[in-house]
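Notebook open, charged side chains on today's list. I want to see who pairs with whom, and how exposed the partners are.

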Amino acid sequence: MTLYPKLILDALATVRYPGNGKNIVEAEMVADNIRIDGMKVSFSLIFEKPTDPFMKSVVKSAETAIHTYISKDVEVTIATESRQAARPEPGKMLPQVKNVIAVSSGKGGVGKSTVAANLAVALSKLGYKVGLLDADIFGPSVPKMFQVEDARPYAEMVDGRDLIVPIEKYGIELLSIGFFVDPDQATLWRGGMASNALKQLVGDAKWGALDYFVLDTPPGTSDIHLTLLQTLAITGAVIVSTPQEVALADARKGINMYMNDKVNVPILGLVENMSWFTPAELPENKYYLFGKEGTKRLAEELHVPLLGQIPIVQSICENGDKGTPVALDENSVIGQAFLELARNVVAQTEKRNVELAPTQVVKTHK
C-alpha cells in the first residue's frame, strides 16, 4: 500500500474539533509538515493554546481515523503545536512581582477575606503597587467587597499570549473566579477543575509589576492551597484567627501546613480578628466576645509576630457589603488598625528578604 498526503488529509477530515464543530483540516489545525516514510506517518496538529482541553482527545481521534480509513498497519506519530506561547513554568510565574503574601485561616468565618481585602487597600495606601487574587474558588467574595460584581475582565494579547486583564479598583489589581461564574449558582467543580481555574487566574493574567501580590486563600487546607504552593514562590503567610479556642485549634493546622518541611513557607505572623467589640456610642469600651488575646498567646507560643488586632466594628460589615473597605478611611480607628497591620507585614517581609539575601536586598519600602 502506498501512502500519500491527500490520503492522510482525507482521513483527518473525518475528525471534528469539539470547540467549533469543524473538521481539523477545515479548521487549519493540520500543520504543513506531513512526512511519509513507507508505512510511517508523522505530522503536527496546531491548537490555539497549549492548555487546550481537547488536545489529547483530538490527537487520539486523529490517530484512530488514520487506522480506520487507511490501515491499522500505519505507524502514526503526532506532535502538537500552539499558536500562543506556553504559560510560564511553576516557579517562574509573575517575575515582576516582588512579594507574594498568602492570607490564610484554619477555618471559615474568622474574617479572612475582610483582612485580605483591607490589607491590600492598606498596602496601597502606603504607596505600594498591589494585586489581590481571590483564590477562594468556591466562595469568592472580592467582587462584592470591592463593588465590582458586574465587572467582566477581558483578554489582551501580550507577547503572543491572550492574558486576562485584572479589574482595577482603589488602585488595586483584582481577579476572582466570581467574575466568570453566575453569583447565584453554586460552583460544583472537582478539585482538578478548581486548580486549573486558579492556575489560569495566576499564570494567564496580566499582573505586571507589583510590590505585593495578596492571595485570599480558601479556609482550611485543600487542593487549592497545594496548587498555590506548587505554582507560586510564596514569600510568606499571614494567618488570621479570632481569639476563640475553637478557631485557634484550626489556626494551628493552617500554620502547620505552611511550616511543614515539604512546604517550608515562612509565617510572617498572626492577625487576631474580632479581638473585641466597641460600640459606636461608647468608643472607649471593649467587650471581649470571643475571649481575650487568644491569638496573641498562640503567637508567643509559636514565636511568631502578632501583626495586628482588629476589633469588631459595625462599619467593617457595612463597608464590606457596600464595596468600600474600611481601610480606605485611614483616619478612622479601624483604618489605622489595618494600616498598622500593613506596616507590620512590610517589616516582616523585608526582614525575611534580608535573611534570604543579606548581601543583596531589593528594598520595596517607599
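Started with lysine 6, which is exposed, at a relative accessible area of 52%. This is a predicted model, so I keep that in mind for every entry here.

Next I looked up the partner of lysine 6: a salt bridge runs to aspartate 10, with the closest N and O atoms 3.0 Å apart. Why does that pairing fit the helix? Both residues sit in helix α1 (residues 5-12), four residues apart, so about one helical turn separates them. Aspartate 10 comes out partly exposed, with a relative accessible area of 40%.

Second entry: glutamate 48 and arginine 83. Their side chains meet in a salt bridge at 3.7 Å, N to O. This pair links distant parts of the chain, 35 residues apart: glutamate 48 is in the loop between β2 (40-47) and α2 (55-69), and arginine 83 is in the loop between β3 (75-82) and β4 (97-104). I checked exposure for both: glutamate 48 is partly exposed at 42%, and arginine 83 is partly exposed at 44%.

Third entry: lysine 129 with glutamate 173, a salt bridge at 3.5 Å, N to O. Lysine 129 lies in the loop between α3 (112-125) and β5 (130-134) and glutamate 173 in strand β9 (residues 172-176), so the bridge ties together parts 44 residues apart in sequence. Is glutamate 173 buried or exposed? Glutamate 173 is buried, with a relative accessible area of 10%, because the cut-off for buried is under 20%. Lysine 129 is partly exposed at 30%.

Last thing I looked up was the tally: ten salt bridges.

Definitions and conventions: Residues are numbered from 1 along each chain as its sequence is written. This is a predicted model: local features need pLDDT of at least 70, side-chain atom pairs count only at pLDDT 80 or more; totals for chains, interfaces and linings use all residues. Side-chain values use heavy atoms; hydrogens and water are left out. A salt bridge is a side-chain nitrogen of Lys or Arg within 4 Å of a carboxyl oxygen of Asp or Glu. Helices (H or I, at least four residues) and strands (E, at least two) are DSSP runs, numbered from the N terminus. Buried means under 20% relative accessible area, exposed over 50%, partly exposed in between (1.4 Å probe, protein chains only).
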